[in-house]
Structures are given as structure tokens and as C-alpha cells.
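Student: I should like to learn how to read a structure of this kind. Could we begin with the ligand and then turn to single residues and a helix?

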Amino acid sequence: MGLRVAPDQGVQVPIVEFREVGKSYGTFDVLNQLSFSVKPGERLALIGPSGSGKTTILRILMTLETVTSGNVFINGISLNREQISGREFSASEDHLRRMRAHIGMVFQHFNLFPHRTALQNVALAPLLTGRMTKAAANERALQLLDKVGLASKADEYPARLSGGQKQRVAIARALALQPNILLLDEITSALDPELVEEVLNVITDLRNETDMTMLLVTHEMGFARDFADRVLFFEQGKIIEDGPPKTIFQSPHHERTKSFLRKVIAAGQRV
Ligand code: ADP
Ligand code: MG
């Protein structure tokens with residue numbers, strides 16, 4: 001018998017991993033021992049009732065919130081702890097900035113800078129990194145605005161744009177640093193119904209044309225089903241069900257998932 005070489009298991013480092021993460025506000029536990037991981041390129045939909053912790057998860061990833069306990073890893077590197085000469089410390093602002101550079105986020109309420117044009121909103125982050133000249137940052141910003149169908153609005157201020165247009169500028173801005181993780185938090189919830197589709201179409205194009213890892217929080221169940229490879233259903237900061245959209249939406253295992261979907265359908269949504 002010859003020496004047996006272990007076959008390559010193709011073990012892949014998760015691009016995102018939550019390991020026993022806790023997050024509390026005062027005595028209120030939003031997340032408690034939450035663990036899950038995301039493979040590079042996965043398209044995840046996070047669904048669940050309001051208050052179940054979905055936004056908190058994205059905000060932790062974007063380094064806008066710190067965890068109370070546990071660890072978050074991006075590409076195997078701790079987001080919240082930093083190794084310096086073999087010792088571990090809370091992450092420095094520098095470390096957070098480096099980690100955040102992999103990630104783009106789009107918010108429910110756009111959060112555009114009102115006193116900057118669409119182009120300036122998109123060009124700002126690349127300019128601030130100091131790695132790009134103004135001309136190069138503007139050229140990239142214009143390409144991104146073109147990609148979301150808004151090249152003609154480059155010089156408009158947000159106040160002169162519709163909600164759907166503002167959200168498309170926000171998407172272009174989130175892409176400006178070429179993130180490999182894109183976080184989308186209820187990005188159509190603040191829009192008039194007739195403006196939802198133009199925003200979802202942009203997301204569908206990104207889904208189909210890039211290999212970005214995408215985490216989408218949404219109340220649009222029909223869109224979640226079409227968009228996601230995998231759906232996580234949350235309740236009170238816990239994952240109740242985790243599976244492919246077909247299973248979650250057509251034959252969920254858990255009573256709580258079923259009752260959530262019944263409520264959503266009763267509210268008039270296609271699932
Ligand atoms: P979701 O996005 O699923 O609706 P969130 O992550 O926004 O849920 O919130 C989860 C819970 O945490 C909610 O009960 C919310 O009120 C609470 N929460 C969120 N942010 C704060 C905060 N800054 N201070 C206190 N409580 C908060
Ligand atoms: Mg939320």
C-alpha cells in the first residue's frame with residue numbers, strides 16, 4: 001500500500017463568517033451567539049420580521065456597529081480583533097478602514113450627500129483614498145453612473161432626483177471602491193411602488209454580470225426568491241431557517257417561517 005495523500009477537499013475560506021456573535025444595546029440582546037458563513041460569490045437574502053436584527057448584521061459588517069461578543073471574519077481575517085506582534089487587540093481605526101474597503105453598502109434612505117452632485121457623491125470615496133487622481137475618480141464615477149442608467153444626471157444634486165434615481169446613485173457610490181461584498185438594506189422600502197422596478201433591475205444586472213458576494217435584506221419576497229442562491233430567515237436575532245429559496249418559499253420546514261410567509265402573502269405580496 002502506497003502512501004495515501006489526502007485529496008484536496010477544496011476547502012474554501014468563507015468570505016464572511018459570524019462566529020458566536022452577540023450584540024446588545026444596554027440590556028437588550030439583538031443578536032445572541034449568532035453563527036453563519038457565506039461563500040465567495042454567494043447571493044444571500046436575509047428575510048424576517050422587523051426588529052429581527054437584519055440591519056444590525058449588515059451594520060456590523062460595514063463596521064458601523066461593534067459586536068458585544070464573538071467574532072466576525074472577512075476572508076478569514078477578524079474584523080473586530082487585530083493581531084499585532086502575536087498579541088490581540090481591538091481593531092484600530094486603520095484596520096477597520098482596510099477591512100471596510102472590501103465592502104459596499106446601500107441604505108434604505110439613500111444617505112447621499114445633499115450638497116454634492118451625483119458624480120461627486122460617487123467619486124468621493126475613491127478620491128479620499130488618495131489612490132486616484134480627480135480626473136480618474138470622475139471618469140470612474142461617470143462609468144458607474146452610466147452603468148445604473150444615470151450618466152445624464154451626473155451634474156444634478158440629489159434634491160433634483162427621484163427616489164429611484166437617488167437609490168441608483170447610491171448603488172453606483174457603493175461600487176466605487178470595487179467592493180467584493182455588497183450589502184443592500186431594504187433599498188426599495190422608501191420608494192414609491194412605480195420606482196421599485198428600476199432599482200431592482202440594476203441589482204439583477206449586478207447579480208448576473210459580476211461575481212460579487214451580495215447580502216440583501218428585503219421585504220420583497222418575490223425578488224428575494226429570484227435573486228438569492230440562499231435565504232436566511234431571522235427571528236429575534238436567530239436564524240430559524242437557512243436554505244435555497246425554493247425550499248424556504250415553497251416548502252419551509254418551520255412553523256415560524258410558514259406563519260411569516262402567510263402574513264406576507266396576506267399583505268398582498270407574490271411569493
Ligand atoms: P431589522 O433590520 O431586522 O428590522 P434591526 O437590526 O434594525 O432589525 O434591529 C433589531 C433590534 O435592535 C430592534 O429591536 C431595534 O429596535 C434594536 N436596535 C437597533 N439599533 C438600536 C440602537 N442603536 N439602540 C437601541 N436599540 C437598537
Ligand atoms: Mg432593518
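Tutor: Let us begin with one contact: an oxygen atom of ligand 1 lies 2.6 Å from a backbone N or O atom of G51. Please keep in mind that this is a predicted model.

Student: Which polar side-chain atom lies 2.8 Å from an oxygen atom of ligand 1?

Tutor: That atom belongs to T55. In addition, an N or O atom in the side chain of Y25 is 3.5 Å from a nitrogen atom of ligand 1. As for cover, ligand 1 has 560 Å² of accessible area on its own, and the protein covers 61% of that area.

Student: Which residues are around ligand 1?

Tutor: The list consists of Y25, F28, V30, P49, S50, G51, S52, G53, K54, T55 and T56. Sorted by class, this shell has 6 polar, 4 nonpolar and 1 charged residues.

Student: Which elements each supply at least two residues of the shell around ligand 1?

Tutor: They are β2 (28-38) and α1 (54-61). The largest share, 3 residues, comes from α1.

Student: How should I read a backbone angle such as phi?

Tutor: Most residues other than glycine have a negative phi. Two residues here merit attention on that account. T63 is not a glycine, yet its phi is positive, at about 65°. Q178, also not a glycine, has a positive phi of about 50°.

Student: Where are T63 and Q178 placed?

Tutor: T63 is in the loop between α1 and β4 (69-74), while Q178 is in the loop between α5 and β9.

Student: Is T63 buried or exposed, and is Q178 buried or exposed?

Tutor: A residue is called buried under 20% relative accessible area and exposed over 50%. T63 has 15% relative accessibility, so this residue counts as buried. Q178 has a relative accessible area of 59% and is therefore exposed. Beyond its neighbours within four places in sequence, T63 is in contact with L79, L96 and R100.

Student: How does the same reasoning apply to Q83 and N121?

Tutor: Q83, in strand β6 (residues 81-84), is exposed because its relative accessible area is 57%. N121, in helix α3, has a relative accessible area of 1% and is therefore buried.

Student: With which residues is N121 in contact, leaving aside its neighbours within four places in sequence?

Tutor: N121 is in contact with L112, F113, R116, P158, V169 and R173. With R116 there is also a polar approach: the side chain of N121 reaches the backbone oxygen of R116 at 3.0 Å.

Student: How may the length of a helix be checked?

Tutor: One compares an expected span with the distance between the end C-alpha atoms. Helix α5 (residues 163-175) has 13 residues, which at 1.5 Å a residue should span 18 Å; its end C-alpha atoms are 19 Å apart, which agrees.

Student: Why is α5 described as largely enclosed by the rest of the structure?

Tutor: The description follows because 12 of its 13 residues are buried. Among the buried residues of α5 are G163, Q165, V169, I171 and L175. Their cover includes β8 (103-106), α3 (118-128), α4 (134-147), β9 (181-185) and α6 (193-209).

Student: Finally, how far apart are the C-alpha atoms of Q83 and I239?

Tutor: They are separated by 30 Å, and the two residues are 156 residues apart along the chain.

Key. Residues numbered from 1 in each chain as written. Chains lettered and ligands numbered in written order. Predicted model: local features only at pLDDT ≥ 70, side-chain atom pairs only at ≥ 80, totals over all residues. Heavy atoms only, no water. Near = heavy atom within 4 Å. Polar contact = N/O pair within 3.5 Å; in protein donor to acceptor, adjacent residues only side chain to side chain. Areas by Shrake-Rupley, 256 points an atom, 1.4 Å probe, with all protein chains shown as cover. Helix = DSSP H or I, 4+ residues; strand = E, 2+ residues; numbered from the N terminus. Nonpolar A, V, L, I, M, F, W, Y, C, P; charged D, E, K, R; others polar. Buried < 20%, exposed > 50% of the residue type's maximum accessible area, 1.4 Å probe, protein only. Contact = heavy atoms within 4.5 Å. Expected span 1.5 Å × (residues − 1).
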